Amino acid sequence: MEGLLCDEDWLSTSADTHGKNLSLVCVGTKEDEDEEQAAVSVCMAKEMSYMPDPHYKEFLETQDLVFVRLRCIQWLLKCRNRWNLSHGTVFLAANYLDRFISKNRTKEWKDWMVELLSVACLSVACKFHETYPPTLTQIQMEDYMDHVFDESSIERMEVTLLKALDWHLCCPTPYSYIHLLGLNLESSPLMANITELLVGAVLDHRLMPFKPSLIALSTIWCSLDLLPPITSQPPLSYFMRLFNHPHKDEMMKCRAVLEAIQSSRCPQSPTSVLMKDQSY
């Protein structure tokens with residue numbers, strides 16, 4: 001799969017631009033690249049097992065759950081900011097939330113139920129991912145959702161969540177793929193672009209059908225296109241080799257949604273109005 005997709009017309013603009021200007025950029029040794037590719041491959045091999053059930057996107061739409069899901073993910077991001085949590089924790093919590101709802105589509109979901117589930121998801125994700133997780137009282141100090149729950153209710157919801165997920169908590173997310181490449185991207189303009197776009201992606205239910213690896217790679221692609229032509233970042237072809245991703249049509253669809261997300265972050269967008277003046 002050497003040079004995968006790099007010479008194809010559908011990637012010609014990005015590949016040529018970044019490849020030509022970044023051909024002399026050092027992205028690590030061949031051994032480093034092999035190790036990163038192996039780590040990415042391990043995650044890709046199991047990611048389907050950690051995705052919401054099929055047609056989850058349509059379920060959210062038909063049950064009028066899109067908005068309450070958006071509000072709950074926004075709440076997760078606000079808690080991340082208040083308690084200095086990692087983005088990885090938020091993406092885990094969002095994954096738990098979507099997987100649980102998708103496994104319980106026969107329920108008549110109410111807004112308060114989704115909010116209770118969100119608190120339980122963040123609590124479990126913090127215990128799993130954070131060194132010093134906030135308490136249940138602290139988690140609910142972020143006054144954004146409509147309901148406040150007692151600790152016993154949250155703890156019962158945590159147990160129900162863990163059983164439903166079969167205790168499978170270490171799941172690949174778009175952010176976890178980026179984290180695998182952290183040594184190359186840390187504190188870089190590319191990482192800033194990727195993080196901002198991933199935050200928009202986790203809020204948007206339209207990306208539910210796409211694999212986390214595809215979202216991660218498409219996010220990298222979009223983020224590279226936002227950088228100046230000459231910059232000290234790895235070329236697109238480098239990431240293509242790491243992900244070994246041949247799915248042209250799916251990548252184009254995923255990128256189209258990401259570009260729509262970028263466009264929607266304008267004042268006229270209902271989503272961006274909700275997000276206005278919020279630091280994520």
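This is a short tour of a predicted model, moving from the whole chain to helix pairs and then to single residues.

**Whole chain**

Start with the full protein chain in cartoon view. It has 15 helices and zero strands. Colour the 280 residues by burial, and 53% of them count as buried. Switch on the surface next: the accessible area is about 13,600 Å², and carbon and sulfur atoms account for 53% of that area. For the contacts, take pairs of residues at least 6 apart in sequence; 82% of these contacts join residues at least 24 apart.

**α4 against α6**

Select residues 66-83, which form helix α4, and residues 111-129, which form helix α6. Their axes lie 10 Å apart and the helices pack at an angle of about 30°. Angles under 35 degrees count as roughly parallel, and α4 and α6 are therefore roughly parallel to each other. The crossing of α4 over α6 is right-handed. Show side chains at the contact: α4 supplies V68, C72, W75, L76 and C79, while α6 supplies D111, V114, E115, S118, V119 and L122. By class, the residues of this contact comprise eight nonpolar, one polar and two charged.

**α5 against α6**

Keep α6 selected and replace α4 with helix α5, residues 87-103. The axes of α5 and α6 come within 8 Å of each other and cross at roughly 135°. That angle makes α5 oblique to α6. This crossing, too, is described as right-handed, with α5 passing α6.

Which residues of α5 and α6 meet? On the α5 side, pick G88, T89, L92, A93, Y96, L97, F100 and I101. On the α6 side, pick V114, L117, S118, C121, L122, V124, A125, C126, F128 and H129. The contact of α5 with α6 divides into 14 nonpolar and four polar residues, with no charged ones.

V114, S118 and L122 of α6 deserve a label, as they appear in the contact with α4 and also in the contact with α5.

**S102 in α5**

Stay on α5 and centre on S102, which lies in this helix. Is S102 buried or exposed? Its relative accessible area is 2%; buried means under 20%, so S102 is buried. Display the residues around S102, leaving out those up to four places away in sequence: S102 touches P52, D53 and Y56.

**A201 in α11**

Move on to helix α11, residues 189-203, and select A201 within the helix. A201 has a relative accessibility of 7% and therefore counts as buried. Beyond its neighbours within four places in sequence, A201 is in contact with L207, I215, L258 and I261. For a distance label, choose the C-alpha atoms of A201 and A216. These two residues are 15 apart along the chain, and their C-alpha atoms are separated by 9.8 Å.

**α13 and the residue after it**

Finish with helix α13, residues 236-243. How many of the eight residues of α13 are buried? Seven of them are, and the helix is mostly covered. To view the buried set, select L236, S237, Y238, F239, M240, L242 and F243. Then step to N244, which follows α13. The phi angle of N244 is positive, near 50°.

How values were computed:
Residues are numbered from 1 along each chain as its sequence is written. This is a predicted model: local features need pLDDT of at least 70, side-chain atom pairs count only at pLDDT 80 or more; totals for chains, interfaces and linings use all residues. Side-chain values use heavy atoms; hydrogens and water are left out. Buried means under 20% relative accessible area, exposed over 50%, partly exposed in between (1.4 Å probe, protein chains only). Helices (H or I, at least four residues) and strands (E, at least two) are DSSP runs, numbered from the N terminus. Contact means heavy atoms within 4.5 Å. Accessible areas come from the Shrake-Rupley method with a 1.4 Å probe; for residues, only the protein chains shown count as cover. Axes are lines fitted to C-alpha atoms, for helices over the stretch in contact, and angles run from 0 to 180 degrees between N-to-C directions. Angles under 35 degrees count as roughly parallel, over 145 as roughly antiparallel, 65 to 115 as roughly perpendicular and the rest as oblique. A crossing is left-handed if the near helix is turned anticlockwise from the far one by less than a right angle, and right-handed if clockwise. Ala, Val, Leu, Ile, Met, Phe, Trp, Tyr, Cys and Pro count as nonpolar, Asp, Glu, Lys and Arg as charged, and the others, Gly among them, as polar.
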